[in-house]
Amino acid sequence: MHKEIRPDTADTTRPDNVRLYDQDALWVRSYLDDPHYRTKARLVRGMIPEGAQSILDVACGNGAIANLLKDYWTVGGDRSLTPLRHVTGPAVQLSADSLPFPDRAFDLVMCHQALEHFSEAVFHPAIHELARVARRYLLISVPYRERLAQQDARCADCRHIYHVWGHLRSFRRVREVRNLFPGFELRIHAFCGPENSYMTPQGLWIRQRLGGRWAVTPTALCPKCGSRSQFAAGFPRRAIAAVVDRIEDRLPRVPAFWWLVCLLERTGASGDSIVARQPLAP
Ligand SMILES: [Zn+2]
């Protein structure tokens, strides 16, 4: 049984699913309608140090955060043109592993909810590029201790199993993020978002493999065959999943918030103390 439980850390053998991120349905909605996301956006903004004036938001999506930073010189960059149409300020189509900017071009480089999507081929070059282009600060957020398998869908057509949001890796420790950037020191980190409610690996395995209940979202797209059909078993298998869910609901959980946000500063940057800005009023 355990052989089939997918590890929660990097599973970068999975293919990059370019078409997943090109769906307009992912980007037409305002992420700020979600109160957790609003809180996150305020937190991110509040963590931008005094003195930072130019900002690059790598993998900015539809500008959910970049559009809030109009009082800075903020450039949004994303691989896909579909979300960039929603960015209200300067926007550049780019790939995170090859940023079209000179060294230290921006006071602060931010990257939110993107590192977990990067395939192995992109991840390490992208980390290098974020650090290269940042003059002084990096502001990075990732899902915290995500158990990837819980958001797995099963393609109804080809049976391929894939993460519905395209996440390929999970960050288990704050120092995992810090250690990605050896030329930087971690200054502030914070958690925000809803509290996770993860099942035990065994319960999840039974629910998915025996109960036939997998994650379902309208924008999921099988990276192997391109199908949108997501498998869900009928009765009686789904009764197994229902029983497992009821048992799991009664088990104690280790609470953890959904996002980790880290502010890092280049080692040896001028000795000015950092003064965090006040978060925006709600
Ligand atoms: Zn498929």
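Two strands pair if DSSP finds at least two bridges between them. Strands (E, at least two residues) and helices (H or I, at least four) are DSSP runs, numbered from the N terminus.

A quick note before we start: residues are numbered from 1 along each chain as its sequence is written. The model is predicted, so local features need pLDDT of at least 70, side-chain atom pairs count only at pLDDT 80 or more, and totals for chains, interfaces and linings use all residues.

**Exercise 1.** Find the partners of strand 1.

*Solution.* Start with strand 2 (residues 73-78): 5 bridges join it to strand 1, and the two run parallel. Here Ile 55 stands opposite Thr 74. Next, take strand 4 (residues 106-112), which pairs with strand 1 in the parallel sense over 4 bridges. In this case Asp 57 has Met 110 as its bridge partner.

**Exercise 2.** Place strand 1 in its sheet.

*Solution.* Read off the order, 3-2-1-4-5-9-8: that's an open sheet of 7 strands with mixed pairing. Then look at the edges, strand 3 (91-93) and strand 8 (184-195), each of which pairs on one side only.

**Exercise 3.** Is strand 1 (residues 54-58) mostly covered or mostly uncovered?

*Solution.* First, the yardstick: a residue is buried if 20 or more other C-beta atoms, placed from the backbone, lie within 10 Å of its own, exposed if 12 or fewer, and partly exposed in between. By that rule 4 of the 5 residues in strand 1 are buried, so it's mostly covered.
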